[in-house]
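Hello,

Here is the structure for you to look over. My notes follow below it.

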Amino acid sequence: MTTEQAIRARGVTKVFGAGGLEYHALRGIDVDVARGEFLMLAGPSGSGKTTLLSIVGCVLAATSGSVHLFGEDVTALAPSRLPDLRLRRIGFIFQGHNLIASLSARENVALVARMQGFGKQEAGRRAEALLDRVGLGDKVDNLPAQLSGGQRQRVAIARALAGEPPLVLADEPTAALDAQSGLGVTELLRELCREHGRTVVVVTHDSRIFHLADRMVHIEDGRIVEPLLEQAS
Ligand SMILES: Nc1ncnc2c1ncn2[C@@H]1O[C@H](COP(=O)(O)OP(=O)(O)OP(=O)(O)O)[C@@H](O)[C@H]1O
Ligand SMILES: [Mg+2]
């Protein structure tokens, strides 16, 4: 079966804790994301955005429901297969950028290529080409501490793209940035992914970047909501 769908989530729930302390973070999420779509997922703090992104990214297991990525049911895969799937299919951009402080920009990006089996020189060459694309060709030897917040986020984008993943997931990539660099970073992410037909999900509160989305999905209290329909009912 071929599928147009990059992501197909059905009835996804997540319950944290147990006994009397259960917390229902996701209460039955159905969402489809088409291949090549640039989707934004918005909602209040604590509504379940990071939880949903983590389940789609195969770093957190759902309590129930299913997630298909490019037609494959990843919720049915053995846990031992997930690291390889993440390495080859998914590029993550974390809110806190998560760069390794003791490694240069080049080394941070090259690490992913190294993990994929490229030799040291080829990995370094790929990293430099990517850093050049994100406008940091002259900063490849800088440590994260020697970069601005926006530049660090660009390194994080380069790192997420280093494995040429078909799916890119970003959790509040502009949270630490001013309006100008937040917009610039998001435009760059969109451009670099569109070139390769990549599918992107960006979690954000940042209404300054909403206009860059192909489509917005809103989540509240662990459920997908349609703001206008909600108001009408
Ligand atoms: N490991 C955990 N154990 C218990 N509860 C958790 C855990 N992780 C998240 N939660 C709860 O699940 C809910 C959803 O959390 P999540 O991190 O997905 O929210 P979010 O929408 O990303 O919020 P924010 O915008 O603040 O990042 C929150 O109420 C949170 O307290
Ligand atoms: Mg979050």
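**Ligand site and helix packing**

An oxygen atom of ligand 1 lies 3.4 Å from an N or O atom in the side chain of Y23. Please keep in mind that this is a predicted model.

Two further polar contacts involve ligand 1. At T51, an N or O atom of the side chain is 2.6 Å from an oxygen atom of the ligand. At G48, the partner is a polar backbone atom, and the distance to a ligand oxygen atom is 3.0 Å. In total, 13 residues surround ligand 1. The nearest of them are S45, G46, K49, T50 and T51.

Now the helices. I looked at three packed pairs.

**α3 and α5**

Helix α3 covers residues 105–115, and helix α5 covers residues 149–161. Their axes come within 8 Å and cross at roughly 25 degrees. Angles under 35 degrees count as roughly parallel, so α3 is roughly parallel to α5. The crossing is right-handed. On the α3 side, the contact uses A105, N108, V109 and V112. On the α5 side, V155, A158 and R159 take part. By class, this contact has 5 nonpolar residues, 1 polar and 1 charged.

**α5 and α6**

Which helix does α5 meet through G150, Q153, R154, I157 and L161? The partner is α6, which contributes G184, V185, L188, L189, L192 and C193. Helix α6 spans residues 179–194. The axes of α5 and α6 come within 10 Å, with a crossing angle of roughly 15 degrees. That angle is under the 35 degree limit, so α5 runs roughly parallel to α6. Here too the crossing is right-handed. The contact of α5 with α6 has 7 nonpolar, 3 polar and 1 charged residues.

**α3 and α4**

Helix α4 covers residues 120–133. How is α3 set against α4, parallel or oblique? The two pack at an angle of about 120 degrees, with their axes 8 Å apart. Roughly perpendicular ends at 115 degrees and roughly antiparallel needs over 145, so α3 is oblique to α4. α3 passes α4 in a right-handed crossing. From α3, the contact takes in A105, R106, V109, A110, A113 and R114. From α4, the residues are K120, A123, G124, R126, A127, E128, L130 and L131. They divide into 8 nonpolar, 1 polar and 5 charged across the contact of α3 with α4.

One point to check on screen: A105 and V109 of α3 take part in the contact with α5, and A105 and V109 also take part in the contact with α4.

Best wishes

Technical notes
Residues numbered from 1 in each chain as written. Chains lettered and ligands numbered in written order. Predicted model: local features only at pLDDT ≥ 70, side-chain atom pairs only at ≥ 80, totals over all residues. Heavy atoms only, no water. Axes fitted to C-alpha atoms, helices over the stretch in contact; angles between N-to-C directions. Helix = DSSP H or I, 4+ residues; strand = E, 2+ residues; numbered from the N terminus. Parallel < 35°, antiparallel > 145°, perpendicular 65-115°, else oblique. Left-handed = near helix turned anticlockwise from the far one by under 90°. Contact = heavy atoms within 4.5 Å. Nonpolar A, V, L, I, M, F, W, Y, C, P; charged D, E, K, R; others polar. Near = heavy atom within 4 Å. Polar contact = N/O pair within 3.5 Å; in protein donor to acceptor, adjacent residues only side chain to side chain.
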